[in-house]
4 protein chains.
Amino acid sequence: MQRIDNFKSIIDKYKVVFFDAFGVLKNYEGLLPGIERTFAYMEAQGKEYYIVTNDASRSPAQLAETYHRGGLTFISPDRIVSSGMLTKEYLDLKVKDGIVAYLGTPNSAHYIESSGLHTLPVSDINSNNIDKVNALIFLDDEGFDWAKDLNKTVNLIRKRTIPVIVANTDRAYPLTISDVSIAIGGIAAMVESVVGKQFIRFGKPDSQMFMFAYDLVRAHSSVTKSEIVMVGDTLNTDILGGNKFGLDTVLVLSGNTLPKDVDTRITATGIVPTYICETAVISTGEFGF
Amino acid sequence: MQRIDNFKSIIDKYKVVFFDAFGVLKNYEGLLPGIERTFAYMEAQGKEYYIVTNDASRSPAQLAETYHRGGLTFISPDRIVSSGMLTKEYLDLKVKDGIVAYLGTPNSAHYIESSGLHTLPVSDINSNNIDKVNALIFLDDEGFDWAKDLNKTVNLIRKRTIPVIVANTDRAYPLTISDVSIAIGGIAAMVESVVGKQFIRFGKPDSQMFMFAYDLVRAHSSVTKSEIVMVGDTLNTDILGGNKFGLDTVLVLSGNTLPKDVDTRITATGIVPTYICETAVISTGEFGF
Amino acid sequence: MQRIDNFKSIIDKYKVVFFDAFGVLKNYEGLLPGIERTFAYMEAQGKEYYIVTNDASRSPAQLAETYHRGGLTFISPDRIVSSGMLTKEYLDLKVKDGIVAYLGTPNSAHYIESSGLHTLPVSDINSNNIDKVNALIFLDDEGFDWAKDLNKTVNLIRKRTIPVIVANTDRAYPLTISDVSIAIGGIAAMVESVVGKQFIRFGKPDSQMFMFAYDLVRAHSSVTKSEIVMVGDTLNTDILGGNKFGLDTVLVLSGNTLPKDVDTRITATGIVPTYICETAVISTGEFGF
Amino acid sequence: MQRIDNFKSIIDKYKVVFFDAFGVLKNYEGLLPGIERTFAYMEAQGKEYYIVTNDASRSPAQLAETYHRGGLTFISPDRIVSSGMLTKEYLDLKVKDGIVAYLGTPNSAHYIESSGLHTLPVSDINSNNIDKVNALIFLDDEGFDWAKDLNKTVNLIRKRTIPVIVANTDRAYPLTISDVSIAIGGIAAMVESVVGKQFIRFGKPDSQMFMFAYDLVRAHSSVTKSEIVMVGDTLNTDILGGNKFGLDTVLVLSGNTLPKDVDTRITATGIVPTYICETAVISTGEFGF
C-alpha cells in the first residue's frame with residue numbers, strides 16, 4: 001500500500017483505468033470540479049477508461065448524458081459498464097419468454113427489455129398474468145409504492161419458483177452531505193430474508209462486473225489484468241472486487257471513505273488497496289503536461 | 001418426542017400452559033372453532049394459562065377484547081404477555097425523559113407511553129425536536145409511509161446514538177390462506193443492516209418473553225419450570241424458545257408447520273418439541289369429562 | 001451516558017452490583033491490583049454482588065477458588081453465575097436420561113452431571129452407544145483433538161436429532177496482551193454452519209444469564225431491576241445484555257474496550273452504557289471512607 | 001425446467017460441457033461406473049469439455065492422474081479448472097514478494113508457488129519471519145494441527161493486514177455414504193468470523209471460476225455462453241453459479257441432491273436448473289450410436 005499525492009503518476013503506470021462513478025467522478029452535488037482534466041489527460045496519453053458502476057436505474061446512453069450535461073463530454077455510452085447491463089445479459093441468455101416483473105421506474109425497465117420478453121411493474125401483476133411471470137428484477141428504489149408492492153413481491157416469489165435478480169447490490173446511497181437513502185439492494189435483502197430464497201446479485205464486488213468491462217477491453221486490444229487499475233471510493237465493493245479480480249486498485253478519499261477513517265477501515269476490514277490517493281482529480285499544476 | 005392425539009392428556013400433566021396466539025388459538029379467519037372447549041377444560045381443572053405473543057400492535061386490554069368478540073371470554077388482559085409489554089418495561093426502566101420516536105399506528109404507541117416520555121411518530125421528527133429523541137421503536141408495519149418514513153428512520157439512527165427497540169421479531173405474518181405480509185421485524189432487520197448498528201429485540205424465541213410470563217405465574221404460586229408447558233405452531237420461535245427456557249413444549253400443526261412437513265422440518269432444524277399434537281382444540285368427544 | 005472518574009460513586013447509587021469477570025476483575029496476568037478494595041467497600045456498605053460470566057470450563061466452586069488463590073477471598077461460589085450453570089439447569093429440566101456427549105475437559109463436564117445422565121467425551125462415542133446420545137454440549141476449547149473430534153461431532157449431529165448446547169457464546173478470549181485464542185463459541189458457530197441446524201446458546205448478552213442472577217437476588221430480598229447495575233468491559237455482551245434486561249450499565253476500560261476506541265465503538269454499534277468508568281478498582285484515595 | 005431421462009440428448013444441444021467433479025463424475029467410492037462412455041461420446045461428437053472443481057488440494061496434473069488411475073484417460077490437465085488455479089493467478093498478479101503462509105499439505109502449496117514467492121506452512125511462521133508474510137491461504141483441511149495452527153492463524157491475521165484467500169469455498173465434503181468431513185472453507189469461515197475481516201473466496205458459485213473456464217474455451221474457438229452447459233449435483237454452487245454466469249444448467253441426482261428431495265430443494269431455494277437428469281453416465285443402450 002502506497003500513498004500517492006499525484007493521481008497522474010498512477011495513471012501513467014497503466015494502459016486502462018476503471019472508475020467507480022459515485023464518490024470518484026461525482027457526488028450528491030454533481031461532477032467533482034476539475035474531473036474533466038483527468039479525462040483530458042487520459043485522452044491525450046491514449047489511455048483507455050471505463051466507468052464501472054452499480055447503477056441500474058438508467059441505460060448507458062442516459063448515464064452518459066448526465067456526464068455530458070455536467071460538462072464531461074468525453075464519456076460515451078460504450079465506456080459505461082453497469083450492473084443493469086449484466087441484468088440485461090442475464091435476461092437475454094436465460095429467460096426465453098413471458099413476463100419480467102420489476103420494481104423500479106418504467107425508465108429503469110425500458111433498457112433491459114429483450115425481444116420476446118415483456119417487462120411489467122409488480123403493481124400490474126394479477127391472478128390473470130402471474131403464471132406468465134418468468135423472472136423478477138429489483139431495479140430501483142423509486143417508481144413504486146413500497147408498502148403495497150413489496151408485500152406483493154413477497155407473495156409473488158412465494159408462488160412462483162423463478163429467478164430473482166438484484167440489479168444493484170448497494171444497500172444505501174448518499175443523498176446530501178448528511179443524509180442517505182435506502183437503495184434497492186437493501187430492500188432486496190429484506191425481501192430475500194423474508195422469503196428465504198437465494199437471489200442473483202449483479203454489481204461490485206462481484207467479479208462479473210469486472211469481467212464484463214475486461215471483455216470490452218479485450219475485444220479490441222490485448223491488455224492483461226496487470227495493465228489495468230481500478231479506482232474507487234469504497235473498500236468492500238470497488239477495492240475488494242478489483243483486488244479479487246487481480247487488478248491493482250486505487251482508493252480515493254473523495255467519497256465513502258473519509259481521510260480520518262482510512263487507516264482504521266483498512267485494518268478493520270483487511271481490504272488493502274494498491275494505492276491511496278486523495279482524489280482522482282488531476283490538479284491544474286500537474287495538468288500542465 | 002411423542003405424538004399425542006389428545007391435547008387434553010397433555011394438559012393433564014402440567015399446572016400451567018403457555019399458548020402462542022396465531023396458528024394455535026386463531027388464524028387469519030378468526031378463532032379456531034372449538035378452542036373455547038380447551039379453555040373451559042382448563043378452567044374446570046384449575047389449570048393456569050397465559051397467551052405469550054409476539055404482537056406489539058395493541059395493548060393487552062385490546063388484545064383480550066379481540067378474543068371476547070370471537071366468543072372466547074375466558075381470556076382477560078392479565079393473561080396476556082406480549083413483546084409490547086417488554087418494550088414498555090424497557091422504556092420504564094431505561095429511558096428517563098425526552099421523545100420516543102416510533103414506526104406504527106398511534107394506537108400501538110399509546111399503551112407503551114410512560115410518565116415523562118412523549119411518543120411521536122417518525123414522520124413528526126424534524127430538525128427542531130431530533131435532539132430530544134432518546135429512543136426509537138419498531139412497533140407495527142402499519143400507520144406510516146414506508147418509503148418516506150423508513151428513509152427518515154435510517155437517517156435518524158445515523159444521527160442519534162440511541163437505543164433502537166424492535167417490539168416484534170417476526171419477519172412475516174399470514175394474511176390469508178395463501179398470502180403473507182411483511183412484519184415490522186422484517187422491516188427492522190433491513191434498517192439494521194443498512195445502518196450497521198445493533199438493535200434490541202423483544203419476542204420469542206428470546207427468553208425474556210418466557211421470563212415475563214414465568215414471573216407472573218410465580219407472583220401468586222410456587223410453580224417450577226417443569227410444571228409448565230409451552231404450546232406453539234412455530235419451531236424456531238415457540239418451540240426453540242420454550243425448550244431453551246427449560247419448559248416442555250407442544251408443537252401443534254394448525255399453523256406455520258404443516259403435517260406433511262413436520263418430520264423434515266424437525267430433522268432439518270434440530271429443534272425437537274416434547275410432543276407433537278394436531279391441534280390445541282379439545283374435540284367434543286374428549287370434552288365429555 | 002455519563003463519564004464518571006470514581007467507581008465508588010456509581011456503586012453508592014445501587015443495592016446490587018453484577019460484575020463481568022474477565023477484563024473487569026482480572027486479565028491474562030491475574031486479578032487487577034487493588035480490586036479487593038472494591039469488594040471490601042461493598043462488604044462494608046452492605047452491597048450485594050455477583051460475578052456473571054460466560055465461563056463454562058469450571059464449576060462455581062473451582063472458579064471461586066481461583067479468586068481465593070489470587071487473594072480475593074470475598075467471592076464465594078454462591079456469588080458466581082456462569083453459562084455453565086444454565087447448561088446444567090437445561091440438562092436437569094430437559095434431558096431425562098441417556099448420554100450427554102461433550103467437547104471439553106473432563107473437569108468441565110464433571111459439574112454439569114445430573115442424576116440419571118452420563119457425560120461422555122465425543123471421542124468415546126461409537127456405533128454401540130450413539131443411539132443413547134440425547135444431547136451434545138460445547139463446553140471448552142481444550143481437552144479434545146480438534147481435527148478428529150470436530151469431524152466426529154459434525155457426523156454425530158447429522159445422525160442424531162438432539163439438542164446441541166453451546167455453554168459459552170464467546171468466539172475468542174485474550175491469552176496475552178497481544179494474542180487471543182479461539183473459544184468454544186467460535187468453534188460451535190463453525191459446526192452450526194456446517195450442519196445447518198440451530199444450536200441453543202447460553203451466555204451474555206442473552207437475558208437468561210441475567211435472570212438467573214436476578215432470581216438469586218430475589219430469593220432473599222425484594223430488589224427491583226432499577227436497583228441493580230451491571231459492570232462490564234464488552235459492549236456487545238455485558239452492556240447490550242444488561243441494557244436489554246433493564247439494568248443500568250457501567251462500561252469499564254480495563255479490558256476489551258480501549259480508552260482510545262470507546263467513543264467510536266459506541267457510535268458504531270449504537271450500544272450505550274449508562275456510565276463509562278476507567279476501572280472498577282477503587283483507588284486508595286477514595287477508599288479512605 | 002425439464003426432466004430428461006437421457007443425458008446424451010442434452011449434450012447433443014451444446015458445443016461445450018462443463019462438469020463438476022464430485023457427485024457427477026465420481027463419489028467417495030471412485031469414478032461412477034460407465035462415466036467413460038460419456039467422455040467417449042463427447043470425443044466422438046467433437047464436443048469440448050472441462051472439469052470445473054472447488055478442489056485446491058492438488059495441481060491439475062495430479063487431479064488428472066486420479067482420473068487416469070480410475071480408467072478415465074480422456075481427462076488431461078488442461079481440461080481441469082480448479083479454485084486452486086484461481087488462487088495461483090491471484091498470487092501471480094497481486095503478491096509481488098515475501099512469504100505466502102498457508103494451511104494445507106505441502107503438496108497443496110507446491111503448485112501455487114510463483115517466482116519470487118515463498119510458501120511456508122503457518123506452523124513455520126514465527127517472530128522472525130512474520131513481517132515478511134504478505135498473504136495467507138486456506139488450501140486444504142489436512143496437513144496441519146487444527147488446534148495449534150488455527151489459533152496461530154487467528155493471531156497472524158490480527159497482526160498483519162494482508163489478503164487472506166480461501167481456495168475452496170465448500171464447508172464440508174462427503175467421506176463415505178453416511179459421513180462428511182469439515183472442508184477448509186468451513187474452517188476459514190470460522191476464522192473469518194473470529195477476526196472480523198473479509199476474506200477473498202475462490203470457487204463456485206462465484207463467476208470467476210466460470211470465467212476462467214470460458215476464457216480457455218474462447219482461446220481457441222468462438223463459442224458463446226448459450227452454447228455451453230454446466231452439469232452439477234449441487235444447487236447452490238454448480239447450478240446457481242452456472243445460471244448467474246448465463247449458462248444453461250443440468251442438475252444430476254448422483255450426488256448432493258437426492259431424487260426424493262429435488263423438488264422441495266428447488267422450491268425452497270428458488271434455484272432452478274434448465275434440466276434435471278438422473279446421471280451424467282450415458283447408458284450402454286444409448287451409447288450404441
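Biologist: Which side chain of chain B does C:Lys225 meet in a salt bridge?

Modeller: Keep in mind that this is a predicted model. The cut-off for a salt bridge is 4 Å from the nitrogen to a carboxyl oxygen, and here the N to O distance is 3.5 Å. The partner of C:Lys225 is B:Glu89.

Biologist: And how many salt bridges are there between chain C and chain B?

Modeller: Polar contacts come to 22 residue pairs between chain C and chain B, both residues at pLDDT 80 or more. As for salt bridges between these two chains, the count is six.

Biologist: What is the make-up, by class, of the side of chain C that touches chain B?

Modeller: Several elements of chain C each supply at least two residues to that side, among them α4 (83-94), α8 (207-218) and α9 (235-245). Strands β13 (200-201) and β15 (248-252) do so too, as does α10 (262-269). By class, that side of chain C has 13 nonpolar, 14 polar and 10 charged residues.

Biologist: Which three residues supply more of the area that chain C buries against chain B than any other three?

Modeller: In terms of contacts, 37 residues of chain C meet 39 residues of chain B. About 3,000 Å² is buried between the two chains, and carbon and sulfur atoms give 52% of that. On chain C's side, 21% of the buried area comes from the top three: C:Lys94, C:Gln198 and C:Lys244.

Biologist: OK, now chains D and A. What kind of axis relates them?

Modeller: Chain D can be laid on chain A by a turn of 180° with a shift of 0.0 Å along the axis, and the RMSD is 0.0 Å. In chain D, the C-alpha nearest the axis belongs to D:Ser207, at 3.3 Å. Both copies use the same surface, since 100% of the contact residues of chain D recur in chain A. The turn and shift are the relation of a two-fold axis.

Biologist: How far apart are the nearest C-alpha atoms of chain A and chain C?

Modeller: Chain B and chain D have no contact joining them, and their closest C-alpha atoms lie 10 Å apart. Chain A and chain C do not touch either, with their nearest C-alpha atoms at 11 Å.

Biologist: Last one: are the rings of A:Phe7 and A:Phe19 stacked, edge-to-face or tilted?

Modeller: A search over all chains finds 36 aromatic pairs. In this one, A:Phe7 sits in helix α1 (residues 7-11) and A:Phe19 in strand β2 (residues 16-19), 12 residues apart. Their ring centres are 6.3 Å apart and the planes are at 45°, so the pair is tilted.

How values were computed:
Residues are numbered from 1 along each chain as its sequence is written. Chains are lettered from A and ligands numbered from 1 in the order in which they are written. This is a predicted model: local features need pLDDT of at least 70, side-chain atom pairs count only at pLDDT 80 or more; totals for chains, interfaces and linings use all residues. Side-chain values use heavy atoms; hydrogens and water are left out. Contact means heavy atoms within 4.5 Å. Buried area is the accessible area (1.4 Å probe) that two parts lose on being put together, summed over both. A polar contact is a pair of N or O atoms within 3.5 Å; within protein, one must be able to donate a hydrogen and the other to accept it, and residues adjacent in sequence count only if both atoms are side-chain atoms. Helices (H or I, at least four residues) and strands (E, at least two) are DSSP runs, numbered from the N terminus. Ala, Val, Leu, Ile, Met, Phe, Trp, Tyr, Cys and Pro count as nonpolar, Asp, Glu, Lys and Arg as charged, and the others, Gly among them, as polar. Copies are superposed by least squares on the C-alpha atoms of residues with pLDDT of at least 70 in both. Rings of Phe, Tyr and Trp (its six-membered ring) pair if their centres lie within 6.5 Å; planes under 30 degrees apart count as stacked, over 60 as edge-to-face and the rest as tilted.
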